Every structure is written in C-alpha cells, then in structure tokens.
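The following exercises concern a single protein chain. Please work through each task before reading its solution.

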Amino acid sequence: MPDEVKAKTSGVRMRRIARTIAAWRLESGQDQVEVARAVGWSNAKQSRIETAKLPITPADVMTLALHFGRPPDERDALFRDAQTAHSSRWLEQISADAFAADVREYVALESEASEVRIFKIDVVPGLLQTADYARVIDTTVASDGGLSEERVQARIRRQARLTDDSPLAVRCVLTEAVLRIQVGGRETWLGQLRRIAELMELPNVDIRFLKSERGAYYAMGYPFSILSFDDNEPEIGYIELLRTGVYLEQEAEVRPYVDAFGRLWEAAEDADGSRALLLGIIGAAE
C-alpha cells in the first residue's frame with residue numbers, strides 16, 4: 001500500500017469509523033463472512049474495513065448501516081465522518097454531555113498505541129492519576145456532575161495498559177509544579193505522589209521532572225502527547241484543551257512536537273535525579 005494511502009487509512013477518524021463498524025457487526029451477532037456475503041463484497045474487504053486498513057467510503061458506511069438497521073441519526077453521523085475522514089487535521093468541539101465520549105476516543109487510540117510520550121505543566125496525566133486525584137480534577141474542570149464518575153473510571157481503566165501482556169511504553173516529562181500543587185488536599189496529593197513513585201518502578205514507564213530552578217524551558221506553556229504505533233503506522237499528536245481535542249496526523253504537524261519532547265527530555269533530570277526529587281518532596285511532607 002502506498003505510504004500516502006496508508007497514512008490516510010490510519011487516521012483518527014478512520015480508526016473510529018472502523019471501531020464503530022466492528023461494534024455494529026458484533027452487536028448484530030454476525031461474523032465477517034456473513035456480512036461480506038450479504039452486502040456483496042469480499043471477506044478481505046470487510047476485514048480491512050474493520051481494522052482501518054482500507055479507506056471506507058461514505059457509500060460503504062451507508063451500505064453497512066442499512067444492513068445492520070442502524071438508526072438514521074447514528075447512520076448519518078458516521079456517514080458525515082466518512083465524508084471528512086481524509087482531512088489532514090481535525091478539531092472536534094466537545095459539548096458537556098459528550099465529553100466522556102472524547103475521553104473514550106483518546107483511550108481507544110491509546111489502547112492501540114505501543115508508546116506514548118507526554119508533557120504536562122500543571123497536572124498529573126490521566127494515565128498516571130489515582131482515582132481520588134482524578135475526581136478532584138474532573139469536578140473542578142467539569143461541572144456537569146453526572147458524567148464525572150464515568151470519566152474518572154475511564155482514566156483508571158486506562159492504567160491496565162501499563163501492566164498487561166503487551167504493556168504500553170510511557171515516557172513522561174512533568175514540571176516540578178505538577179508535584180507541588182496540592183490537588184485535593186494533603187492526603188490526596190500525597191497519595192498521588194506515592195502512586196507516581198510506584199509507577200516509576202515499572203520497566204516500561206519512565207517519568208522525568210523539570211526542576212523549577214531551571215527557569216524557562218522549550219515548549220513552555222504547551223502541554224501535549226504523542227502516540228506511536230507498531231507496523232510503521234504514523235504517529236498521532238494530541239493537544240488537550242478545555243472541552244476540545246486537537247489531533248495532529250500529518251508528519252509535518254507532528255514533527256515539531258517530537259522534536260520538542262526530545263529537548264524537554266534532555267532538559268529534565270535523569271531517572272535518578274527525578275526519583276530523588278519526587279521522594280524528597282514526599283519525605284518533606286510526611
């Protein structure tokens with residue numbers, strides 16, 4: 001498959017469309033062979049559609065939606081996604097009642113990734129949060145109440161990737177400020193710091209800290225994440241804003257963030273220095 005086609009077919013929207021189609025089929029109780037026979041295309045095509053290895057056209061979406069008897073609003077929403085799936089970058093506005101869906105979308109991408117690089121300036125990344133810390137963050141940022149616990153549990157479930165059979169590799173740069181902001185009071189804050197110390201012992205997790213005394217640093221004020229995948233799949237950048245997620249899919253867009261992470265990694269304390277800084281803050285507070 002040509003590189004330019006492969007890049008398109010592994011984009012964020014294409015992955016989401018593929019997951020939706022696969023979910024429709026599983027809900028129907030049919031296997032791929034039955035579906036392919038019913039709609040008139042090959043088994044291989046159905047398989048490639050469900051794994052985002054083949055660009056799915058709006059017409060294909062409509063064919064499958066009608067076959068599975070999906071409601072018109074659900075069918076039309078996925079149809080519109082298929083129409084715009086090949087755009088090089090997209091910005092999705094998230095309403096309050098759909099915010100949990102955005103969390104699930106990022107988690108789905110994270111579940112497919114082999115490595116994630118994270119830079120945060122004032123908050124512990126969701127992948128590393130304790131439930132108590134996550135609740136405080138969520139109820140402070142989002143005032144919708146009803147979806148709060150769903151989002152918290154989604155963050156906690158993500159952490160299974162850190163210790164499963166094919167663990168997610170994590171490289172994370174946090175500013176010292178992340179460690180010193182007492183989110184939720186002393187006990188919640190200390191519980192979170194201890195959790196970070198535990199995670200730093202995992203062979204696939206490497207967390208480094210930027211000391212405040214270093215002063216200004218590269219990419220100051222611009223937190224971001226980079227998701228990497230196996231099989232030479234293109235990397236995806238993600239910038240989390242208030243109720244908005246920006247996905248970067250083109251190499252030219254992702255590259256500056258890859259370079260920025262490299263510079264941040266070099267500026268941060270090494271593994272021993274980072275551990276000493278964290279344990280020193282914990283010890284002083286106990």
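**Exercise 1: Helices α8 and α9**

The buried residues of α8 pack against α9 and α11. The model is a predicted one, in which local features require pLDDT of at least 70 and side-chain atom pairs count only at pLDDT 80 or more, while totals for chains, interfaces and linings use all residues. Residues are numbered from 1 along each chain as its sequence is written, and side-chain values use heavy atoms, with hydrogens and water left out.

*Task.* State which residues of helix α8 are buried, and which residues are buried in α9.

*Solution.* Step 1: fix the terms. Buried means under 20% relative accessible area, exposed over 50% and partly exposed in between, with a 1.4 Å probe and protein chains only. Helices (H or I, at least four residues) and strands (E, at least two) are DSSP runs numbered from the N terminus.

Step 2: in helix α8 (residues 131-141), the buried residues are Y133, A134, I137 and D138. They cover an arc of only 125 degrees around the axis, which puts them on the same side of α8. The arc is that of the directions from the helix axis to the C-beta atoms.

Step 3: the buried residues of α9 are S148, R151, V152, A154, R155 and R158. Because these residues fall within an arc of 160 degrees when seen down the axis of α9, they line one face of the helix.

**Exercise 2: V152 and Q159**

*Task.* Determine what V152 touches, and with what Q159 is in contact, not counting residues up to four places away in sequence.

*Solution.* Step 1: V152 lies in helix α9 (residues 148-158) and is buried, with a relative accessible area of 0%. Contact means heavy atoms within 4.5 Å; on that basis, V152 touches A131, A134, R135 and D138, leaving aside residues up to four places away in sequence. V152 and A134 are 18 residues apart in sequence, and their C-alpha atoms are 5.7 Å apart in space.

Step 2: Q159 lies in the loop between α9 and β3 (169-175). Its relative accessibility is 11%, so Q159 counts as buried. Beyond its neighbours within four places in sequence, Q159 is in contact with G126, L127, L128, Q129 and R195.

**Exercise 3: The pair α3 and α5**

*Task.* Describe how the axes of helix α3 and helix α5 cross.

*Solution.* Step 1: two packed helices are described by the angle between their axes and the distance between the axes.

Step 2: the axes of α3 (residues 32-39) and α5 (residues 58-68) come within 11 Å and cross at roughly 110 degrees. That makes α3 roughly perpendicular to α5. Angles of 65 to 115 degrees count as roughly perpendicular, under 35 as roughly parallel, over 145 as roughly antiparallel and the rest as oblique. Axes are lines fitted to C-alpha atoms, for helices over the stretch in contact, and angles run from 0 to 180 degrees between N-to-C directions.

Step 3: V35, A38 and V39 in α3 meet T63, L64, H67 and F68 in α5.

**Exercise 4: The largest nonpolar core**

*Task.* Identify which helix gives the most to the largest nonpolar core.

*Solution.* Step 1: a nonpolar core is a set of buried Ala, Val, Leu, Ile, Met, Phe, Trp, Tyr and Cys residues joined through side-chain atoms within 4.5 Å. The largest has 39 residues, and those with the most contacts inside it include V170, L179 and F209.

Step 2: helix α11 (residues 186-199) gives the most to this core, with 6 residues.

Step 3: apart from its neighbours within four places in sequence, L179 is in contact with W189, L193, I196, F209, L277, L278 and I281.
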